[in-house]
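Me: I would like to learn how to read a sheet and its salt bridges in a model. Could you take me through it step by step?

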Amino acid sequence: QICIMNTCSRELSVEFGNPELTDTDDQDFEEEADVITNMDGKAVQLAIELLAHGYAKRHVSGNFNFKVTGAKINVSDDRVLSAACQLTFTVPPEACNTSGAMFGGNVPCITDIITTCLLIAADIKSKGEWVYSTTMALNSEFVRPSRADEEVIMQTGIEKYGKMMIFTYADYFLKDEDDKPNPLTGLYDCNLGKLLYRTRHQKYVTKLRLRREMIPTNRARAIWDELLVMLGKSKGLPVEAKNDNSTMLRSKL
């Protein structure tokens, strides 16, 4: 059975800022930085929804619920310098083979989806549009299996965003019950001893730019509008898209 990934839950599993900090200057600095990180994380979560609702050909076997715990996208003018994102998901039983381990074909597929979502958020934050790119190479290393109902931490990022090539990565780690997020950043510490899979994804930058009218569904178009507004790139949007509450609009679609 092939199912599109479930991204209904958009709640970030992290509260940014540490109320126990006593130094006022340090607290203000951390809170300001965390607001940016939180916004980038929400942008990646929205990009996941965009692919789920607008591009049904991107499938994984099983019902995955990806939850972004944090992200940081570094841009300079219209250039993407680097980006990093962490998210979690639970391995669904239907995504496992007869031995009880997650089917290996899901790993490169998930890497393709999530690195693309990170690129969408980075492109919109830097350029206000999605620069379409195609896969040139996707390498996967299977260190140990993940099994049904196990929680997985995924660390993904953009190492280099060149004029013609983009280099991204995604590493998967087993999340134990004892693993707790950092109270300041909301991120999990990943132990190399729990490494499950390591992937590297290289993409070729095309000349195609995704325009609003090319988005196939109203629901996906509303998500796109919300992304542009969130990242301060709403110039050129229709007036109704800027004024409407996109979250409320999407709930009616």
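**Reading the sheet and its salt bridges**

Reply: Keep in mind that this is a predicted model. A good place to begin is one pair of strands: β4 (residues 151–161) and β5 (residues 165–175) pair in the antiparallel sense over 10 bridges.

Me: Which residue is the bridge partner of V152 in β5?

Reply: In β5, V152 has L174 as its bridge partner. Looking wider, these strands belong to an open sheet of 6 strands, which has antiparallel pairing and runs in the order β1-β2-β4-β5-β6-β3. Its edge strands, pairing on one side only, are β1 (67–76) and β3 (130–142), and neighbouring strands are turned by 15° against each other on average, direction ignored.

Me: Which helix packs on the sheet?

Reply: Helix α2 (residues 106–127) does, touching β1, β2, β3, β4, β5 and β6, and its direction makes about 50° with that of β4.

Me: How many salt bridges does the structure hold, and how should I read one?

Reply: The structure holds 8 salt bridges. To read one, ask which side chains meet and where they lie in the chain. The side chains of D123 and K127 meet at 3.9 Å, N to O, and both residues lie in helix α2, 4 residues apart, about one turn of the helix.

Me: Is D123 buried or exposed?

Reply: The cut-off for buried is under 20% relative accessible area, so D123, at 1%, is buried, whereas K127, at 29%, counts as partly exposed.

Me: Which salt bridge links distant parts of the chain?

Reply: One of them joins R200 and D171 (3.1 Å, N to O), with R200 in strand β6 and D171 in strand β5, 29 residues apart.

Conventions:
Residues are numbered from 1 along each chain as its sequence is written. This is a predicted model: local features need pLDDT of at least 70, side-chain atom pairs count only at pLDDT 80 or more; totals for chains, interfaces and linings use all residues. Side-chain values use heavy atoms; hydrogens and water are left out. Two strands pair if DSSP finds at least two bridges between them. Helices (H or I, at least four residues) and strands (E, at least two) are DSSP runs, numbered from the N terminus. Axes are lines fitted to C-alpha atoms, for helices over the stretch in contact, and angles run from 0 to 180 degrees between N-to-C directions. Contact means heavy atoms within 4.5 Å. A salt bridge is a side-chain nitrogen of Lys or Arg within 4 Å of a carboxyl oxygen of Asp or Glu. Buried means under 20% relative accessible area, exposed over 50%, partly exposed in between (1.4 Å probe, protein chains only).
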